[in-house]
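Trainee: Could you take me through one part of this model slowly? I'd like a close look at the biggest enclosed space and whatever surrounds it.

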Amino acid sequence: MNFGSPLLQENDLRLKVMQIHRRDSLKSMLAGGVGLSLAGLTGRTLEASTSANPVGLPHHEPKVKRVIFLFMHGGPSQVDLFDYKPELQKRDGGELPFETPSNIDAQRKLMKSPWQFQQHGESGQWVSELLPYTARKIDELCVIKSMHSRGQSHGQAVSMLHTGSDNLVRPSVGAWVSYGLGKENHDLPAFVSIGPSSGHGGPRNYGAAFLPAEHQATTIGRQGKLGKATIEHLQSQDKDTERNERRLSLIQAFNESRLQEFGPDKRVSGMMEAYDLASRMQRVAPQVLDLSQESKSTQTLYGIGKSETDNFGRQCLLGRRLLEAGVRYVELSTGNVWDQHGGLKKGHEKNALATDQPIAALLTDLKSRGMLDDTLVVWSGEFGRTPTVQGSNGRDHNPQGFCCWLAGGGVQSGISHGATDDFGYHAAVDRVHMHDLHATILHLLGIHHEQLTYRFAGRDFRLTDIAGRVVDEILV
Amino acid sequence: MKIFLPRVVLTIALLFAPAVDARANDEGIEFFENKIRPVLVQHCYECHSADSTSLKGGLLVDSQPGLLQGGDSGPALVAHKPAESVLLEALKFESFEMPPEGKLPDEVIADFEKWIAMGAPDPRKEMVVSEYAPREIDLEAGRQFWAFQPPEEHVVPEVSQKDWPRHWIDHFILKRLEEQKLTPVNDAERGILIRRLAYDLTGLPPSPEQMERVLYATDDQVLESYIDELIDSQQFGEHWGRHWLDVARYADSNGGDFNATFHNAWRYRNMVIEAFRNDLPFNEFVIRQIAGDLLDTEHDAERADNLVATGFLMFGAKMLSERDKEKLRMDVVDEQLNSIGKAFMGMTLGCARCHDHKFDPIPTTDYYALAGIMRSTQTLDGEIQKYVSNWTRQPLPMTKEHSQSLKVYAAEKSRLEASLKSIESELKKLQDQSSQSNILNLGVVLDDADARVVGNWKHSTYSKNFIGKGYIHDDRQERGKKKVIFETNLPADGEYEVRLAFPGSGGRATNVPVKIVHAEGESEVKVNQSKQAPILTMLKPLGRFTFKKDQAAVVEISNTGANGYVIVDALQIVSVDELKESANKENPELAAEIESTQQQLDSLKKDLKQIKENAPPPAPRALAVREAEQQGDYFVCIRGEHRNLGEKVARGFLSVVDIGETPEIPKDRSGRLALAKWVADERHPLTARVYVNRVWQHLIGEGIVRSVDNFGTLGERPTHPLLLDQLAVKFIENNWSTKWLVKQIVSSRTYQLSSRHDEERWQSDPENRLLWRAHRKPLSAESIRDTLLLASNDLELSMGGPPVDNLGTLVTQNKPDDAGVKLESTNIRTVYQPVIRNELPSLMRVFDFADPDFVSGKRAHTTVPTQALWMLNGPFVAEQAAKLSERLFSKGYSTTDERLEHLFIYALGRPPSDLETELSKKFLSQSDADEQGTWTDLAHALFASAAFRMLD
């Protein structure tokens, strides 16, 4: 047997390069400060083999590099959280003085918020007692109080929120961002969805639709739960790393032998590159996913260890670690828990408790790391809820008017934008459609929403379909 | 002929102009200049003027004619009539919401109202033409496009290298190569060709026996009979059926917002597989899928197949919970038209829903002519639950025996159920008579509803043994804070037995504290509620106490320190004298009767259970459409808005496609049958071309038209237009036979070329458009799994049945705690595995399985790290590698070489090359794992290698 054949020498060299790479990663991992070590793990050497991102991006100077979207699935009630309506409080039990949209189960009877509202911060914005932690951050938020969207049922509205279409299969916002901007860290996916729901469209809401499949989200956990915080197939069943390494170099040697025997082939070299990338992901990603690397005080800040806040606290902290490691678009989901057709008081109290502290902690943490300036945080449900009562203590779906908030780079802080009518039912002043929110998110990332298009089935598609307007009024 | 958009003609403006009198005119113009023009310029011109880069809604407001002519929604204003003016509606946010950035102040809107009432005076008389204004479609010019020209037979071209072609196909290919001064590479090596043929025709590797037979044969006859053997196999139907299932967006669930199970979809899947196995002529296959339910048939089996075939129209992912049902209906129609257009004709019809197709000669009126047909077809049918639509199903013909056995079963079942019911009521009557039942009539009974409760107690009827309308429990919440207090005055002084009623069972507290206030003070007892109470399974005696007539008896149950649920149903207080009296009333005869009735009841229940277990299979039903109750033409929906109806359009087909005589649509029919016949007509320029192009693509690796689902202007042009024509014409001549077509292509020398790289040729044609070599193709997800199973001898080659019988109405619930789909795992071929939308297994997601939400004639070919991770770390690959290694060891091969050769044959369908042998041996010698483990690693590496994942 000839151990000195050129092929095998080259292969041995490959192994050495990989070992060096690994040592380097290890070194940086041991380097100390968590932020530093995560940054040190970012790999930018190889281009993904099948990425073909559109040219000319960014279209303008981006204000933010990354987005974290906090999805309040089910439809949190605007009039019980941010949209204080004295008229609603006053006319509790009275009749709604205008027609309701069709297909609504709520009665036409007004129901006041069971919670107290107070003005907070220097900006003096109203926040209900449900969100004490968020209230302390109010000077950093831009609350849009005039959101409206399409879809009277969850499926339509959730799809609208994620893909800009309430009926057709379209790429999700994160997929568009991945397609438009590509990866920042080639060892990690560009788009990660934590705890996505399997209902109401499930993977469609983080899917790539007709965009190349690589732009769909990598998922961690499901149904609003982080679970064990792992990525499928990230790690081998076999814990013998030496053996796994050896098998990998055999695969690569077989592949090189193909190239040698059949001549150059982009697919085969692409496949080899993919194995290299995968092998680096296997080392890098588990580090990012490991929350135990965070200090006790950080974990406490997020409410980790307290039963009410533990799950969402972990999600938020993992979200921050992913952003820090170079993931462009992270979505966190509560699962479909905000849907209080009945039991508003109990349900909203539980949900607010579970998310309030972790979300405030995320804002604090991002700020203290200097990341809030170039990160966009978006908080929204698929719709809001009616100010009228359903049953005896619930509220029905309301895409006609609701709140979302933004925080971070490029967005004015401590303001609210737009308003609903006197009861909080319809968005009335400076209305912001879901398409407008999408246009604004893309704008902040340096993308012109009308120019990021993809040709499929004979048409140039875009996230905002034929609509969308950047909400200039809220930009810095 | 030109098709003109419906719009108000310019002359209206001319008629209207003189009507404005001069004086009013001056004032009016001033008003316009001061109040109206600035608003239009500031808020509207960006999107509605000649300078707008993207003109919205076809509306121009920068001239009077523009406003009067209006846009897609008709005239923007009607002079003197504010109430009829869309412009004002839009400003008021009543129909449109303009301007989109927010409603204008009320006084501005009032100005517009006034202005329109004045007659909308406007000095801007000249129509400004926008360069972005929609163009009119010229159908005659459109027909000149290559794809709308009927395919013609061509003379087989002469070539210089006369000894190269083996088939007429090769002449067309070589001709183009020679024109570019190129020559084809060598033929593929025999081993490679054998593997290529096996996967291309059946999706499986060649068997070791086939490999051995064909590899060393010198007689060409052997290769040909190998090809015939593959084409005639059951696996051919499965592999080629799957290609069509991609096109049909086949799925076993709805996906969308409401992931309902398609329990009957599998019948369509199996019908397709059988159609390809039996080589059903493609034109018939097309007709069945659009209108199978409307065809006359002679046999039940054919009728069943025809009904099932219309499943094609049903597979679209629907937003079933859309509350606006008219919108949903039009969305479903749209999905069906898109699918028909793309699947059969390579046309993108969806674009014409909102406006004339921007690139292809398809006016909106054509779209709604077709929409009228699909609207006259029933797809949605009632509701599964409030706001959630259900879909149509059609009963399938059954054998006489089956329907007879269903009848017998139904009769027997209802007989048993009736007797069960009567015996149950008889038993209840007897029990009521019995002294046991009389127990409840003793003394004083206080229901939970009569008690005073402290804290939040939940009402329940979950356990059935209760008194009154149910019972209450503490929900195991707020220990120590909840109480139930019964209070009553008894009729006389004396000794009483106190009994607490509760439905005892596991999970309930064993230490419920109960306080009894009686004449002699207070007593406290702990009650165990985890077991049924002794009397009538409901009543538990707590002891005997003395009570006085004028002093209230109080019993207080609390949840302090309780270690489970605390339940309260009722309280009974009976005097001891009364108890003694009733004990003497026992009636032995009645007890015996109860006993025997109970036995009858038990035996009936057993019988019922038994016949249910042996019930005949339910009446078969298909996922299929039917004719709607009402048929008729439909209206253009302006801008695709289903509530904004324009002119009515007669049902019909694409005007650009001219096939001579067009099938007629009878008034009382949907027109689907006519549509089906029109699509499948041999004069249709697209149907045969689109299909032969897909078949070519599956075998050659790329289509002659590379955009296989788009033959329109934005699609690619054919690399070999004459060959595409020839294939289409000959295909029709040969009775639309897929097997004939496949055989022609794989017999060509073009198909049998090597896929090796050649630098010089590559330089002049890097994309291999002229086919100087064979394209290297990736192995599909299905072939990867099937081969891994086959390598360990685990693959079962039987036909699959219903794959989702174990799933309910929904595959996953829209709840935060849904656990996901659980599917039974089987080792039948992947084509028979369930395709659950939104829940595809990782193998499918990672290895480019066709997205079942879309018509897909061409799968994506990606190379991404997730594939590498699946191969490296996926448990399935590791398991199969271990099994293959075990298989090699169980065969007892004596030498490494022999074992190695078999490993490669099982995994790759061919023996190893020298280089591969060398690499493998080096690996074997260096490993420190045990021997079988090392072979497992070797097999694993082979599965993950390019040699396995690619088809040379």
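Mentor: Here is a walk around that cavity, with a few side trips to a helix, a small sheet and some cysteines. Keep in mind that this is a predicted model. Searching the whole structure turns up eleven cavities of 30 Å³ or more, and the largest of them has a volume of about 670 Å³.

Start with the wall. The lining of the largest cavity is made up of 37 residues. Nearest the centre you'll find B:Pro778, B:Leu779, B:Ser780, B:Arg859 and B:His861. By character, the lining splits into ten nonpolar, 14 polar and 13 charged residues.

Who supplies them? From chain A, α8 (266–289) gives at least two residues of the lining. From chain B, the elements that each give at least two are α8 (190–202), α11 (234–247), α22 (687–700), β23 (777–778), α26 (781–791) and β24 (950–951). The largest share comes from α11(B), with five residues.

Now zoom in on one of those contributors, α22(B). Its 14 residues should span 20 Å at 1.5 Å a residue, and the end C-alpha atoms are indeed 20 Å apart, so the expected and modelled lengths agree. This helix is mostly covered, too: 14 of its 14 residues are buried. Right after α22(B) comes B:Gly701, with a positive phi near 110°.

Chain B also has a little sheet to look at. Three of its strands make an open, antiparallel sheet in the order β9-β10-β17. β9 (458–460) and β17 (567–568) are the edge strands, each pairing on one side only. Between β9(B) and β10(B), residues 471–473, the antiparallel pairing runs over three bridges. If you want a spot to find on screen, B:Lys458 sits opposite B:His473 of β10(B).

Last, the cysteines. There are zero disulfides over all chains. A:Cys316 is in none, and its nearest cysteine sulfur, in A:Cys404, is 17 Å away. A:Cys316 counts as buried because its relative accessibility is 0%. In chain B, the cysteine sulfur closest to that of B:Cys351 belongs to B:Cys354, but the 8.9 Å between them is too far for a bond. B:Cys351 has 12% relative accessibility, so this residue counts as buried as well. The cut-off behind both calls is that buried means under 20% relative accessible area.

Key. Residues are numbered from 1 along each chain as its sequence is written. Chains are lettered from A and ligands numbered from 1 in the order in which they are written. This is a predicted model: local features need pLDDT of at least 70, side-chain atom pairs count only at pLDDT 80 or more; totals for chains, interfaces and linings use all residues. Side-chain values use heavy atoms; hydrogens and water are left out. A disulfide is a pair of cysteine sulfur atoms within 2.5 Å. Buried means under 20% relative accessible area, exposed over 50%, partly exposed in between (1.4 Å probe, protein chains only). On a 1 Å grid over the protein atoms alone, a cavity is a set of points where a 1.4 Å probe fits but cannot get out, and a pocket is an open set with protein on both sides within 12 Å along at least five of seven lines; lining residues have an atom within 4 Å of a point. Grid points are joined across faces, edges and corners, and a volume is the space filled by probe spheres set on the points. Helices (H or I, at least four residues) and strands (E, at least two) are DSSP runs, numbered from the N terminus. Ala, Val, Leu, Ile, Met, Phe, Trp, Tyr, Cys and Pro count as nonpolar, Asp, Glu, Lys and Arg as charged, and the others, Gly among them, as polar. The expected span of a helix is 1.5 Å times one less than its number of residues. Two strands pair if DSSP finds at least two bridges between them.
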